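Here's a quick briefing to read alongside the model. Have the sequence and the 3D view open, and follow the topics one by one.

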Amino acid sequence: METPDNATDTAATAEEPTGIAAQDWAKASADPQYQAAVVDLLGALAYGELAAFERLAEDAKLAPTLADKAELAKMASAEFHHFEQLSERLAAIGVDPTQAMEPFVAALDGFHKQTAPSDWLEGLVKAYVGDSIASDFYREVAARLDSDSRKLVLAVLDDTGHASFAIEKVRAAIDADPRVGGRLALWARRLMGEALSQSQRVVADRDALSTMLVGGVADGFDLAEVGRMFSRITEAHTKRMAALGLAA
């Protein structure tokens, strides 16, 4: 997954960790509800990384040049490595990775089906803009995790190189034909709505995860903070659109 330009640094990550965020996994996981929430989070991330690997490999078929194909293949490899890291972590804490991922397959597959790109440029915008919205959400959640889980989540959200690649290719396409910009801007707005809806569905369907997020477990968000969180995600989206040369 992408966190291309680290466009948003949350207030939470800027502060010294407290509560659960100041604990390691061994201590924090004594709470079974917290443990269940982290397993859900890692399962959702793992399937997201696996799906990203598959999608990048598929997008490579649309690449206009051999160099572009090679670049996407390299990014796909990085996504699969992230998937492996998450799977290994789940196994290490006694959880079957496949079972952890299963609850999120339908929602994530549905999102990708509804937002299948029609060409190379739409695929680049989706990987840069769409995936980054989900990554921003996970980074917000990571700030409230135990230190071990937080370190892993942030590591797998590292940019795989898609950010600068997408910006370069999309800007070049707009320079060559300004009409492309309008089409891609509409596409990016659609991705924004679908990605936010998908994130909300994933959380709503999992009791432990939703309880953690709204403060029922550990140091979750209160309702006001949930609103601020989505405001930060929207602001980051606007910055990415500007980086692409598109209107938000």
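**Aspartate 40 and the overall picture**

Setting aside residues up to four places away in sequence, aspartate 40 touches Phe104, Arg206, Ala208 and Leu209. Keep in mind that this is a predicted model. Aspartate 40 sits in helix α3, and with a relative accessible area of 7% it is buried.

**The chain as a whole**

- The secondary structure of the protein chain adds up to 12 helices and zero strands.
- Going along the sequence, that reads as α-α-α-α-α-α-α-α-α-α-α-α.
- The protein chain has 248 residues, and 51% of them count as buried.
- Take the contacts in the protein chain between residues at least 6 apart in sequence: 82% of these join residues at least 24 apart.
- The protein chain has an accessible surface of about 10700 Å², and carbon and sulfur atoms account for 54% of that.

**The loop between α7 and α8**

- Two residues to look at here are arginine 144, which lies in the loop between α7 and α8, and aspartate 146, found in that loop as well, with α7 spanning 120-142 and α8 spanning 147-156.
- Arginine 144 is buried, at a relative accessible area of 15%.
- In sequence, arginine 144 and alanine 21 are 123 residues apart, yet C-alpha to C-alpha they are 5.2 Å apart in space.
- Which side chain of opposite charge is nearest to aspartate 146? That's arginine 89, 5.2 Å away, and aspartate 146 is buried yet has no salt bridge.
- The cut-off explains the missing bridge: a salt bridge needs a side-chain nitrogen of Lys or Arg within 4 Å of a carboxyl oxygen of Asp or Glu, and arginine 89 is 5.2 Å away.
- Aspartate 146 does have polar company, though: its side chain has a polar contact of 2.6 Å with the side chain of tyrosine 34.
- The side chain of aspartate 146 also reaches the backbone nitrogen of tryptophan 25, at 3.3 Å.
- Leaving out neighbours within four places in sequence, the residues in contact with aspartate 146 include Ile20, Ala21, Gln23, Asp24, Trp25 and Ala28. Tyr34 and Val38 are also among them.

**Salt bridges**

- Side chains of opposite charge can pair when their charged atoms come close.
- How many salt bridges does a search of the whole structure find? It turns up nine.
- One of the pairs is aspartate 68 with lysine 169, where the closest N and O atoms are 3.1 Å apart. Aspartate 68 lies in helix α4 and lysine 169 in helix α9 (residues 162-176), so this pair ties together parts that are 101 residues apart in sequence.
- Within that pair, aspartate 68 is buried at a relative accessible area of 5%, whereas lysine 169 is partly exposed at 24%.
- Lysine 74 forms a salt bridge with glutamate 71, with 3.7 Å between the closest N and O atoms. Lysine 74 and glutamate 71 both lie in helix α4, three residues apart, or about one turn of the helix.
- Lysine 74 counts as exposed at 53% relative accessibility, while glutamate 71 is partly exposed with a relative accessible area of 23%.
- Arginine 232 forms a salt bridge with glutamate 140, the closest N and O atoms being 2.8 Å apart. Arginine 232 belongs to helix α12 (residues 223-244) and glutamate 140 to helix α7, so the pair ties together parts that are 92 residues apart in sequence.
- Both ends of that bridge are tucked away: arginine 232 counts as buried at 12% relative accessibility, and glutamate 140 counts as buried at 1%.
- Asp119, Glu122 and Arg183 are joined into one network by salt bridges that share partners.

**Aromatic pairs**

- A pair of aromatic rings is described by the distance of the centres and the angle of the planes.
- The count of aromatic pairs comes to five.
- For phenylalanine 53 and phenylalanine 80, the ring centres are 5.0 Å apart and the planes are at 55°, so the pair is tilted.
- Phenylalanine 53 lies in helix α3 (residues 32-59) and phenylalanine 80 in helix α4 (residues 66-92), so this pair ties together parts that are 27 residues apart in sequence.
- Phenylalanine 53 counts as partly exposed at 28% relative accessibility, and phenylalanine 80 counts as partly exposed at 29%.
- Ring pairs link Phe53, Phe80 and Phe83 into a cluster.

Terms used
Residues are numbered from 1 along each chain as its sequence is written. This is a predicted model: local features need pLDDT of at least 70, side-chain atom pairs count only at pLDDT 80 or more; totals for chains, interfaces and linings use all residues. Side-chain values use heavy atoms; hydrogens and water are left out. Rings of Phe, Tyr and Trp (its six-membered ring) pair if their centres lie within 6.5 Å; planes under 30 degrees apart count as stacked, over 60 as edge-to-face and the rest as tilted. Helices (H or I, at least four residues) and strands (E, at least two) are DSSP runs, numbered from the N terminus. Buried means under 20% relative accessible area, exposed over 50%, partly exposed in between (1.4 Å probe, protein chains only). Lys and Arg count as positive and Asp and Glu as negative; His and the chain ends are not counted. A polar contact is a pair of N or O atoms within 3.5 Å; within protein, one must be able to donate a hydrogen and the other to accept it, and residues adjacent in sequence count only if both atoms are side-chain atoms. Contact means heavy atoms within 4.5 Å. Accessible areas come from the Shrake-Rupley method with a 1.4 Å probe; for residues, only the protein chains shown count as cover.
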